[in-house]
Amino acid sequence: MPASQDLIMPGGSALDNLGVRLHDGVGTLRVWSQNASSVELVIFDATDLDWAIEEVHLERQPGGIWEVTTDLLQPGVRYAIRVDGPHSTGNTFNSESLLLDPYARGLAQGDGYEEWRSVVIVDGFDWGDSQKPRVPLDRTVIYEGHLKGLTKRHPDVPPALHGTYAGLAHPAMIEHFRSLGITSVELLPVHAFVPEPRLLERGLTNYWGYNTLNFFTPHTAYATDEARKAGPEAVLAEFKGMVRLLHEAGLEVILDVVYNHTSEEGIGGPRSSLRGIDNARYYRQDGSGVYVDTTGCGNTLNTATDAGARLVLDSLRYWAQEMQIDGFRFDLATAIARDEAHTYTPEHPLLTAIANDPILADTKLIAEPWDVGLGGWQTGNFPAGWHEWNDRYRDRVRNFWLSDIDYARRASAPVGIGGFATRLAGSSNTFSEDRGPLASVNFVTAHDGFTLHDLVSYDLKHNEANGEDNRDGADMNRSFNHGIEGPTDNQTVLAARRKAMRNLLGTLLLSAGIPMLTAGDEFGRTQRGNNNAYAQDSALTWIGWDFEPWQEDLRAHVARLIELRHENPALRPSRYARLGEHIPNASVMDWYDQNGETMESEQWTDSGNRTLQYVAASTPDTEESNRILLIVHGTESPIDVRLPVELEGATRFVSLWSSAHEQPSDDEEVFAPGDVLPVSGTSMRLFRVE
């Protein structure tokens, strides 16, 4: 894909048009390998991927490019490359290895684990009048889910579409998304991936997909049987059809992308592509050729080289342009922003190129701002234009509603409400003023870790099914089982758990920042205490769609909260306010205690004070002005709260939502300044200020 003349691309024009390009009845293959001594194109029989029928040598060009133009490269042709080179430090060339083209747009699989072949694809698709929704950041509500797991058990999706791209875009799923009010579906990895050999040996698989085989092709197993039988172009068309239908419904598609490592693992692992093409340049390693692994997966893609950085950038441009993807969540994003010394730098040329690329200008860029290497935790330190998973938000919110309550039952609450309030108001202590609250992607749960239901039902992880003697998965979960571990018929415990879920969801959807809801949390899905279900492709991880009444109630709460977020701009500021200044699209915030008095400085850190009233007044430049008041009460004892009297211009408070209720109410009860309200233990209540 040629670069814009105004964009400085890693490697410059020498790295343009890598992979196969069809033109004038022939095809041109371009492969980059700085250290190779020879590169061959191998063509295979259309039905027998072990039968090589033609071999052609590529010619070396300037800049480490190898190139051939031949009429053997036609649509649908299966091919591989062989690469030879010197046996020296960092190199692992093997002239017998059949390797995937890193830029292949299609893949075909033979019988063995490594028996993959690249396929020549003709790009193109009738998008009709479909357009990217381009949802404004302040209105974005992300819904993170697994493509297969979302529809595998859905009774209204035809069985032939269960667990497929087509299934995700079925009217039943679109109705669910729209009825909730979410704006953007974030899918766990759909780049072609493979399970690790160690999992196959234990009879398991890689369900989540964080083990990428190729950065340009959609995962074939997620296509319908019909598309898989028809071949890679049909798989590609089904994926694009899914995106088109979701866009026509006003829904964005965000992909979780894994550019930090590949499925080739450590030295001695599978050899499928980059390791055989130019191991010394594509993977991070020290001076003796030992891998520098900052991902915990055996290898780390070396984006300090032009070729490594360009591979990532070209892949992003392809998915954003050809596949019409709306955004990307970068797994272990710190890893792709390390320099030649393997140190994270926010000025990394790849981060700059991504943020400045005109093709990516309207895409949402979301970093998981850590990896497992030295200096890997970088929450708050990504540059402007990036949004970040806010683990500080997650931990503080879990502590406030769960582990603090657990501790308080044995002694007293360990901390007050100050830290929680900071997260509620947009994490200004984590993100710079110029980035604002929308730099924070707020979440309480995600695909890894406990589900929302399990977070309030288990103190300990229960990962025995993963075959690692319960050693895997996080031990620190900040969860609270409310007195009984796991399933119970105790109605008091169950009621407390349901309210805790409502408090967590209410906090998530009423906080400043971009909220991310994990699929299934809207109706309290359980994984029976497994907090690392990456290897479980089963009913444990597939979402069930048969609900008990309490689950329907919880889903109604989520829909109501998202609706209120949409209706009240004060809940979704895009900038931080500054005292004494008018800042457009900020929310001016005032804080009151349970007596309706302005919070004093010592109250913020007083562990005995876990109640506040939070007033946010919007300063929009495109919407009507709006004010809300949110009562937060963080102890299990009920309390009386007096609504503020000296709130300028306030004549009444209209009740909009309460976490104390099992079902959301449409009754907008009205209260006057100074009214005293009884507030249930551990609960929240939202009002519109008029």
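Which side chain meets that of Glu 248 in a salt bridge, and how many Å is it from N to O?

Before solving it, some housekeeping: you're looking at a predicted model, where local features need pLDDT of at least 70, side-chain atom pairs count only at pLDDT 80 or more, and totals for chains, interfaces and linings use all residues. Residues are numbered from 1 along each chain as its sequence is written, and side-chain values use heavy atoms, with hydrogens and water left out.

Solution. Start with the rule: a salt bridge is a side-chain nitrogen of Lys or Arg within 4 Å of a carboxyl oxygen of Asp or Glu. The partner of Glu 248 is Arg 244, at 2.9 Å, N to O. Next, place the pair: both sit in helix α6, 4 residues apart, about one turn of the helix. That spacing is handy, because an α-helix has 3.6 residues a turn, so residues three or four places apart point the same way. Last, check accessibility, where buried means under 20% relative accessible area, exposed over 50% and partly exposed in between (1.4 Å probe, protein chains only). Glu 248 comes out partly exposed because its value is 47%, and Arg 244 is partly exposed at 24%.

**Checking a helix length**

Work out what span helix α6 should have, and compare it with the model.

Solution. Helices here are DSSP runs (H or I, at least four residues), as are strands (E, at least two), and they're numbered from the N terminus. α6 covers residues 232–248, which makes 17 residues. The expected span is 1.5 Å times one less than the number of residues. For α6 that should give 24 Å, and its end C-alpha atoms are 24 Å apart, so the two agree. Now look along the helix: its buried residues include Val 235, Leu 236, Phe 239, Val 243 and Leu 246. After α6 comes Gly 250, whose phi is positive, near 80 degrees.

**Salt bridges across the chain**

Find which parts of the chain are linked by the Arg 82 and Glu 40 pair.

Solution. Overall, the salt-bridge count comes to 39. In this one, the closest N and O atoms of Arg 82 and Glu 40 are 3.7 Å apart. Arg 82 belongs to strand β7 (residues 78–84) and Glu 40 to strand β3 (residues 38–44), so the pair links distant parts of the chain, 42 residues apart. Both residues are buried.

Now try Arg 435 and Glu 388: their closest N and O atoms are 2.7 Å apart. Arg 435 is in the loop between α11 (418–424) and β16 (440–442), while Glu 388 is in strand β15 (residues 387–389), so this salt bridge ties together parts 47 residues apart in sequence. Arg 435 and Glu 388 are buried too. For a network of salt bridges, look at Asp 138, Arg 139, Arg 572 and Glu 623.

**A threonine in a loop**

Is Thr 262 buried or exposed? Which side chain shares a polar contact with that of Thr 262?

Solution. Locate Thr 262 in the loop between β12 (252–257) and α7 (274–282). Its relative accessibility is 6%, so Thr 262 counts as buried. A polar contact is a pair of N or O atoms within 3.5 Å; within protein, one must be able to donate a hydrogen and the other to accept it, and residues adjacent in sequence count only if both atoms are side-chain atoms. The partner is Tyr 283, with a contact of 2.5 Å between the side chains. Leaving aside residues up to four places away in sequence, Thr 262 also touches (heavy atoms within 4.5 Å) Asn 211, Phe 215 and Asn 299, among others.

**Edges of a sheet**

Which strands stand at the edges of the sheet with the order β1-β2-β6-β5?

Solution. Strands pair if DSSP finds at least two bridges between them. This open sheet has 4 strands with antiparallel pairing. β1 (19–23) and β5 (59–61) each have a single partner strand, so they stand at the edges, and one side of each is left without a neighbour in the sheet. For detail, β1 and strand β2 (residues 26–32) run antiparallel and are joined by 5 bridges. One bridge partner to spot is Val 26 in β2, matched with His 23.
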